[in-house]
Amino acid sequence: MTLQQIKSFAAGQWVDCDNAARDIRSAVTGEVIARAGNGALDVEAMLDHARTVGGPALRAMTFHQRAKMLKALATHLGNHKQQLYDISFATGATQKDHLIDIDGGIGTMFVFASKGRREMPDAQVYLDGEVEQLSRNGTFLGQHICTPLQGVAVHINAFNFPVWGMLEKLAPTLLAGVPAIVKPATASCYVAELAVKIMLDSGILPAGALQLVSGGLGDMLDRLTNQDVVSFTGSAETALKLRSAPHILSNSIRFIAEQDSLNASILGPDAVPDTPEFDLFVKEVTREMTTKAGQKCTAIRRIFAPQAQVSAVIEALQANLAKTTIGDPKDARTRMGALVSASQKTDVLAKAALIGQEAERVFGDPDNFDVHGASADKGAFVPPMLFHCSTPDAAQHVHEVEAFGPVSTVMPYKDLDHAVRLVNRGQGSLVASVITHDSDVARQVALGAGAFHGRLYFNDRDSMQESTGHGSPLPHMVHGGPGRAGGGEEMGGVRGVMHYMQRTAIQGSPDILTAIGGKWVPGATEISHHDHPFTRTFHDLQIGETFNTASRQISSDDIAHFAEFTGDTFYAHMDDAAAKRNPFFPGRVAHGYLLLSFAAGLFVKPDEGPVLANTGLDHLRFMKPVEVGDSIKVRLSVKHKTPRNDDYGEVRWHVTLTNQDDDMVAEYELLTMNAYGSR
Ligand code: NAP
């Protein structure tokens, strides 16, 4: 077997490993399969390349352009994923594990590509929240904006998910417009190296957007500035060492930490044997213990069951775990492969022994278990190990020691308050799950344990077919947890992008805010155009372009007709005396929807043209009632434009209805799809 030399990609060049390189062994055979590391890597040149080449190129793009780039990258990775599967078996992972790592990573990138297009503007500035009214007359306003950091994101990843772990950080970083230097864990860096190679070879990324360090980082972290971010996944010990470095602290360098976690699952008091929830619980726990040989940051380490159900839970888990065939991950019959390395095996066994001081092992003997298709001595194999701790209040290790392998402990609880107290003894975790069909149980746990967990996962007979599993962080939802789990937060959709951007409070006039944010703010200059706005294409329309309609008087017949036609005969529109008794109305008033319909009649141009459809209406408010004899007129201003596909884009119009005294009657945002036309 040829020894693979794992390279780094630094300042646009692939760099070989040198004498400082470390050996990497196959998890399955124990043989040295690769070497990685270069003690002379020019880390300053890498930082400089990212800051001066990658950053400017990414920042020149809009969020939509970056989102399209992510989509192309994810598609390209998907086309080459077989190569990644092939190489990943040596990490001890099975084909099923590859789906989580490789397909899961690519799927995460697709979600960010889609969210970038749908939830972010086709612009370089992201607006965070609404305009704040800071003055009586609206001439001085506030708006929070986010712009990309002008440095580099250094991603330090754990060994367990070399592809997902990289892509879940890379996607929000690139979408933000920030270049990344990725440092995978050495034990599985050959998989990450291949994924990086596939991405770079695609030619989709601008130069400097992605670099790779295989092996040690050297003194890179001591060279970071306040515009850089460190995003770390790994052990609590390494996180503490890195985040407490004086250089990181004195420069307030952002440090996102995802570290180890004593995740828990609670069997609800209602989920007794023979309910769908009991079976579901056993299935979820078994899966969490054995997937990826338990090397999942979100795996269930602590299992809480009502005192009366503990024996039944142990029996059911024993029966399930007995079906776990362990061995060669390439063999389709294998349910659980190996740990990543011999040192991981030593670590897991030592930690299981600590747990064994407080709990009885009720399944799995590390000195006696079957391994098929591989050598139990040479590979880093361990059996699933289930413990039972009957005194969880007095125990320490079971709540504190993370054995990063297929190790979990069953514990009894007396009542739900007790379960919540025990779950919270993990001192902050990534996820806790509750299998219950009782909404009150779910609510009680959410209130009692929410503050201690980054994610709470509830599952029952209603959601079990479509639920994604206790252990799956989803790109839409935040991943991270307080305290012991690192205090960091990743993903969560656009929230994850914000970790790589700076939020800035902008204060100024409506024109200034409009110019910076690319969104028309009420009070800003209105641009008039001699053509009707419905004759103007997406590209023709300018932000702030405004159309004022003629006015229309509301008659008693209009209201009666609308009431009869729609069936909306609410008394305030029909009965003057009854309307007067209502604190909101001076007497009989027009329907709000009648006003909206009349407004459309006032501003619509009926002929076929660039406006293709009215797709919605946001933030509608009726401010002042309209009585018989009042008249209304409409002002329509282009607030924002968002391209949607190759043919048309969404125009968001700010619409106000005013009466004969210029008092505001209604305000809303109207959405239309407009054909692009020529630029
Ligand atoms: P680790 O030993 O802490 O290593 C994590 C990363 O830090 C690796 O890339 C490692 O590189 C690097 N590293 C170590 N010392 C460093 C230093 N002085 N300077 C710069 N980088 C350094 O953790 P691990 O064994 O890979 O991962 C297992 C742990 O990760 C478990 O505790 C697990 O719970 C946690 N984890 C958490 C999450 C999460 O999202 N919260 C996800 C997965 C795993 P080398 O490999 O080259 O040493």
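Ala11 is partly exposed in this predicted model, with a relative accessible area of 31%. This alanine sits in the loop that runs between strand E2 (8-10) and strand E3 (13-15), and its phi is positive, about 45°, although the residue is not a glycine. A second non-glycine residue with positive phi is Ala293, where the angle is near 50°. Ala293 belongs to the loop between helix H9 (276-290) and strand E14 (302-306). Ala293 is buried, its relative accessible area being 2%.

**Nonpolar cores**

The largest nonpolar core holds 62 residues, and within it Met109, Leu167, Leu174 and Met199 touch the most other members. Helix H6 (residues 189-201) is the greatest contributor to this core, giving 9 residues. Beyond residues up to four places away in sequence, Met199 touches Leu73, Leu77, Met166, Leu167, Leu170 and Leu210. Another core, of 38 residues, lies apart from the largest one and includes Leu339, Ala352, Ile355 and Cys389.

Val196 is also placed in helix H6. Its relative accessible area is 0%, so Val196 counts as buried. Leaving aside neighbours within four places in sequence, Val196 is in contact with Trp14, Met166, Leu210 and Leu212. The C-alpha atoms of Val196 and Val163 are 9.2 Å apart, with a separation of 33 residues in sequence.

Helix H13 (residues 416-424) is mostly covered, with 7 of its 9 residues buried. These buried residues are Leu416, His418, Ala419, Val420, Leu422, Val423 and Asn424.

**Ligand surroundings**

There are 25 residues around the ligand, of which Asn157, Thr186, Ser235, Thr238 and Glu402 come nearest. Asn157 places a backbone N or O atom 2.7 Å from an oxygen atom of the ligand. The side chain of Lys183 has an N or O atom 2.9 Å from a ligand oxygen atom. For Gln259, a backbone N or O atom lies 3.2 Å from a nitrogen atom of the ligand.

**Charged side chains**

The structure holds 28 salt bridges. Three of them are listed below with their N to O distances.

| Residue | Partner | Distance |
|---|---|---|
| Asp16 | Lys7 | 3.4 Å |
| Arg223 | Glu44 | 2.8 Å |
| Lys296 | Glu288 | 3.0 Å |

Asp16 is partly exposed at 44% relative accessibility, and Lys7 is partly exposed at 30%. The bridge between Arg223 and Glu44 links distant parts of the chain, 179 residues apart. Arg223 lies in the loop between strand E10 (210-212) and strand E11 (229-233), whereas Glu44 lies in helix H1 (residues 43-59). Arg223 is partly exposed, with a relative accessible area of 33%, and Glu44 is partly exposed, with a relative accessible area of 33%.

In the pair formed by Lys296 and Glu288, Lys296 is buried at a relative accessible area of 6%, and Glu288 is buried at 2%. Elsewhere, Asp618, Lys639, Arg652 and Glu669 are joined into one network by salt bridges that share partners.

Asp558, in helix H17 (residues 556-566), is buried yet has no salt bridge. The nearest side chain of opposite charge, that of Arg552, is 4.1 Å away; a salt bridge requires a nitrogen and a carboxyl oxygen within 4 Å, so this pair does not qualify. Apart from residues up to four places away in sequence, Asp558 touches Arg552, Gln553, Leu594 and Phe598.

How values were computed
Residues numbered from 1 in each chain as written. Predicted model: local features only at pLDDT ≥ 70, side-chain atom pairs only at ≥ 80, totals over all residues. Heavy atoms only, no water. Core = buried A, V, L, I, M, F, W, Y, C linked by side-chain atoms within 4.5 Å. Buried < 20%, exposed > 50% of the residue type's maximum accessible area, 1.4 Å probe, protein only. Helix = DSSP H or I, 4+ residues; strand = E, 2+ residues; numbered from the N terminus. Contact = heavy atoms within 4.5 Å. Lys, Arg positive; Asp, Glu negative; His and termini not counted. Near = heavy atom within 4 Å. Polar contact = N/O pair within 3.5 Å; in protein donor to acceptor, adjacent residues only side chain to side chain.
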